[in-house]
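Biologist: I have a new model open on my screen and would like to learn how to read it. Could you walk me through some of its features?

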Amino acid sequence: MATTAIKEQDFSRLPEMPEEVFTAPLRRPEHLGEDWLEPKQTDYTSQDDAIWDDLFSRQMEVLPGRAASAFMAGLDKLDLGKGGVPDFAAMSADLGKLTGWSVVPVPMLIPDHVFFWHLANRRFPAGNFIRTRETFDYIQEPDVFHDVFGHVPMLTDPTFADYMQEYGKAGWKAMRYNRLKALGALYWYTVEFGLIEEADGIKAYGAGILSGPTEVVYATQAKSPNRIMLNVDRVMRTDYVISDLQPTYFVIESFEDLYRQTVERDFDRLYRNLPPAFTYANSAVIDVDNVLNRGTQEYLLRGGRGSGAAPV
Ligand SMILES: [Fe+2]
C-alpha cells in the first residue's frame, strides 16, 4: 500500500489503475467506449413517460415541507415536472448555465473510477432506463427517476455542485488506498441519505430519501432513527444499510459546512489510519457524537423491511 501522499491532478483523462486496486468486474457493453457513455438517451414510450409523471406526482405529495429548500428550488429551476422523462440534452443546457454541470446517459452500473472521473469533470452519469409498473414502489438499481429526480435538482445549488465535483476528485485516491468503502459511506450518508438543518426544521437533501415516498417521512419525522450532526471522519467509519430504511442519518448545518469538512480533510492521513472494515455499526451512537435525536430503533427492532413493521 502507498505510504506517501498520493496527488491526483490531471482529471482530463481516465486514471490508470494499478492491478492491485480492486475494480468491480463489470463487463463493458460492446457499443460503449471507455467513458461508458451511451451514444444517446433511450427513446421512452408513452407508458414510460406516464410512469415518470406518476412517480413525480407521488413525490410532490410528500416533499413540500420535508425536502431541503435547495432541492425544491432545483426542481423548479429545471422544470422537471413538465411531463415525461426529461430530455438530458435540454436539461443539461439549463443546468450548465446554472452551475456548469451536465447529465449524461449510462447503462445501469459503471466502474467506480469512471464514475469518479465523470463527477470530477462535472458530468453526472444517470441511468437510462425507467422502472416498470411492477417495480414502481421499489427497485434496487437506480433508474432514471432516482438519478434525475433524486440527484439533479441538488446540482443547481452552487455549493453542493462543487462538493460533488470534489467528491469525484477524491475517488481515485480512495481506490489506491483500498478505502473505497469509507469514501462510499460518505457518499451514502450525504449525497444519498443526507439531512440538513433549516430554520424551520430538519429537511432531506439526499437522493435516496427524496426519490421514494416512505423514507422522506421516516428520515425527517420518525422516532426510530438517530439523527447526528455530520462528522466526516466518523461517517467514513460507519456501516450502512443498503436495502432498508437507515437506522442513522447525519445532519449538516449548511452545504458550505459539508464542502468545507470535505475539502479540508487530509484524506491521505485518514486512509492511512482507517481500518479496512467499518468500525461503527449503523445504529451506533458514540461518545463524540453531537446527537440531535437519539432514535428508539423501534422499526428495525421489530424486523424492518418485510416484517410488516411500521416505519415509525
Ligand atoms: Fe443515487
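**Reading the model, feature by feature**

Modeller: Let's start with one residue: glutamate 61 is exposed, with 9 other C-beta atoms within 10 Å. A residue counts as buried if 20 or more other C-beta atoms lie within 10 Å of its own, exposed if 12 or fewer, and partly exposed in between, with C-beta atoms placed from the backbone. Residues are numbered from 1 along each chain as its sequence is written. This is a predicted model, where local features need pLDDT of at least 70, side-chain atom pairs count only at pLDDT 80 or more, and totals for chains, interfaces and linings use all residues.

Biologist: Where is the place of glutamate 61?

Modeller: Helices (H or I, at least four residues) and strands (E, at least two) are DSSP runs, numbered from the N terminus. Glutamate 61 sits in helix 1. Its C-alpha atom is separated by 16 Å from that of phenylalanine 136, 75 residues apart along the chain.

Biologist: What should the 17 residues of helix 1 span?

Modeller: The expected span is 1.5 Å times one less than the number of residues. For helix 1 (residues 46–62) that gives 24 Å, and the end C-alpha atoms are 25 Å apart, which agrees.

Biologist: Which residues of helix 1 are buried?

Modeller: They are Ile51, Trp52, Leu55 and Gln59. Seen down the axis, these buried residues fall within an arc of 100°, so they line one face of the helix; the arc is that of the directions from the helix axis to the C-beta atoms. The face turned away from the buried side carries the exposed residues Ser46, Gln47, Ser57 and Glu61. The buried residues of helix 1 pack against helix 5 (144–151), and contact here requires C-beta atoms, placed from the backbone, within 7 Å.

Biologist: How many bridges join strand 1 to strand 2?

Modeller: Two strands pair if DSSP finds at least two bridges between them. Strand 1 (residues 102–106) and strand 2 (residues 123–127) run parallel and are joined by five bridges. Serine 102 has arginine 123 as its bridge partner in strand 2. Between the two strands the chain passes through helix 4 (residues 112–120), and this β-α-β crossover is right-handed: with the strands pointing away from the viewer, the path from the first strand over the helix to the second runs clockwise. Another bridge partner in strand 2 is alanine 126, for proline 105.

Biologist: Is strand 2 enclosed by the rest of the structure, or open?

Modeller: Four of its five residues are buried, so strand 2 is largely enclosed by the rest of the structure.

Biologist: In what order do the five strands form an open sheet?

Modeller: The order is 4-3-6-5-7, with mixed pairing. Strand 4 (201–204) and strand 7 (291–293) are the edge strands, each pairing on one side only. Strand 3 (residues 195–198) and strand 6 (residues 248–252) pair in the parallel sense over two bridges.

Biologist: And where does arginine 294 lie?

Modeller: Arginine 294 is in the loop between strand 7 and helix 13 (298–301). Arginine 294 is partly exposed, with 13 other C-beta atoms within 10 Å. Leaving aside neighbours within four places in sequence, arginine 294 is in contact with Asn226 and Val285.

Conventions
Two residues are in contact if their C-beta atoms, placed from the backbone, lie within 7 Å.
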